[in-house]
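Hi everyone, thanks for making room for me today. I'd like to walk you through one structure, and I'll put it on the screen now.

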Amino acid sequence: MEMRRVTCQSCGASIEWDGRFGRAVTCSYCGSTFLPAASPIQDAWLMTDRVARARYEYEGTLEKLEQDVRFEVMRGEDWSELDLAYLREIARLEAEGKVRKLASFWAISPHPPIYRAMTEGSLQLGARSMVFHKGDEIVWACPMTRDRFELDLPVLIGDFQDERTQRLCGVMSNAMQARMA
Ligand SMILES: [Zn+2]
């Protein structure tokens, strides 16, 4: 049987797959189970917090969010290798107890979950390593956030409730500094 690869819908890891749709696949990295989509890497929901998605669903605006993610966030392309590396790293750190998912998510689409560092550590993205300290908040940064904060990696680390950050955010759109509780 010819083995193909599929992207885990929880952590973004690339895993072996027998190519059969409609059969659950278990991720060997994070242990989650999912049904492969027709074009897994283009899954628009890879970065979206589940509660955020559920809210749009409840309000009947899920399709609008998906359009926004596909064309404004993904800009009509696939997630990058760095995006997928971020998902793998955050899943690893969560499994190791080094970060914990908070009950809030980034205010801007695609509303990625926000994590809190429980200890010092680092994320390995390609050849780069991003250090975080205990108490830091970590979030995946969409292209817009990357542009605004002049990030060359798709990750924002800091204290998003910190005074200094608030002032820095003051020059940006209100949406940037706000968090949906
Ligand atoms: Zn996984």
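Let me start with a definition, since we'll need it in a moment: four donors count as tetrahedral if all angles lie between 85 and 135 degrees. And a word of caution before we go on: what you are looking at is a predicted model.

So, the metal site. Which residues coordinate the zinc ion? There are Cys-8, Cys-11, Cys-27 and Cys-30, each through its SG atom, at 2.3 to 2.4 Å. Now for the geometry: the angles subtended by the 4 donor atoms around the zinc ion run from 106 to 112°, so the arrangement is tetrahedral. If you like patterns, the donors are spaced along the chain as C-x2-C-x15-C-x2-C.

Are Cys-8 and Cys-11 buried or exposed? Buried means under 20% relative accessible area. Cys-8 has a relative accessibility of 0%, so Cys-8 is buried. Cys-11 comes in at 2%, and therefore Cys-11 is buried as well.

Let's look at the strands next. Strand S1 covers residues 4-7 and strand S2 covers residues 14-17, and the two pair in the antiparallel sense over 4 bridges. The hairpin they form has 6 residues between the strands, and in this hairpin Gly-12 takes a positive phi near 85°.

Please keep an eye on Thr-7, which belongs to strand S1. What stands opposite Thr-7 in S2? That is Ser-14. Thr-7 counts as buried because its relative accessibility is 9%. Thr-7 also gives us a distance to a residue further along: Leu-46 is 39 residues away along the chain, and the two C-alpha atoms are separated by 9.7 Å.

Moving on to the helices, beginning with H1, residues 50-59. At the start of H1, a side-chain oxygen of Asp-49 comes within 2.8 Å of the backbone nitrogen of Val-51. After H1 comes Gly-60, with a positive phi near 75°.

Then there is helix H3, residues 81-95, where we find Asp-83. This is an aspartate with a relative accessibility of 5%, so Asp-83 counts as buried. What is Asp-83 in contact with, once neighbours within four places in sequence are left aside? The partners are Met-47, Trp-140, Arg-146 and Pro-154.

Tyr-86 is in H3 too. Its relative accessible area is 2%, so Tyr-86 is buried. Setting aside residues up to four places away in sequence, Tyr-86 touches Tyr-115, Leu-123, Leu-125, Ile-138, Val-139, Trp-140 and Val-155. You'll notice that Trp-140 is on the contact lists of both Asp-83 and Tyr-86. As for Met-47, its C-alpha atom is 10.0 Å from the C-alpha atom of Tyr-86, with their positions 39 residues apart along the chain.

To finish, let's zoom out to the whole protein. The secondary structure amounts to 6 helices and 11 strands. There are 181 residues, and 43% of them are buried. Consider the contacts between residues at least 6 apart in sequence: 49% of these join residues at least 24 apart. The accessible surface is about 10,100 Å², and carbon and sulfur atoms account for 48% of that.

That's my tour. Thanks for listening, and I'm happy to go back to any part on the screen.

Technical notes: Residues are numbered from 1 along each chain as its sequence is written. This is a predicted model: local features need pLDDT of at least 70, side-chain atom pairs count only at pLDDT 80 or more; totals for chains, interfaces and linings use all residues. Side-chain values use heavy atoms; hydrogens and water are left out. Donors are N, O and S atoms within 2.8 Å of the metal (3.2 Å for Na, K and Ca); water is not among the atoms, so sites may look incomplete. Four donors count as tetrahedral if all angles lie between 85 and 135 degrees; four count as square planar and six as octahedral if opposite donors are over 155 degrees apart and all others between 65 and 115; anything else is irregular. Buried means under 20% relative accessible area, exposed over 50%, partly exposed in between (1.4 Å probe, protein chains only). A polar contact is a pair of N or O atoms within 3.5 Å; within protein, one must be able to donate a hydrogen and the other to accept it, and residues adjacent in sequence count only if both atoms are side-chain atoms. Contact means heavy atoms within 4.5 Å. Accessible areas come from the Shrake-Rupley method with a 1.4 Å probe; for residues, only the protein chains shown count as cover. Two strands pair if DSSP finds at least two bridges between them.
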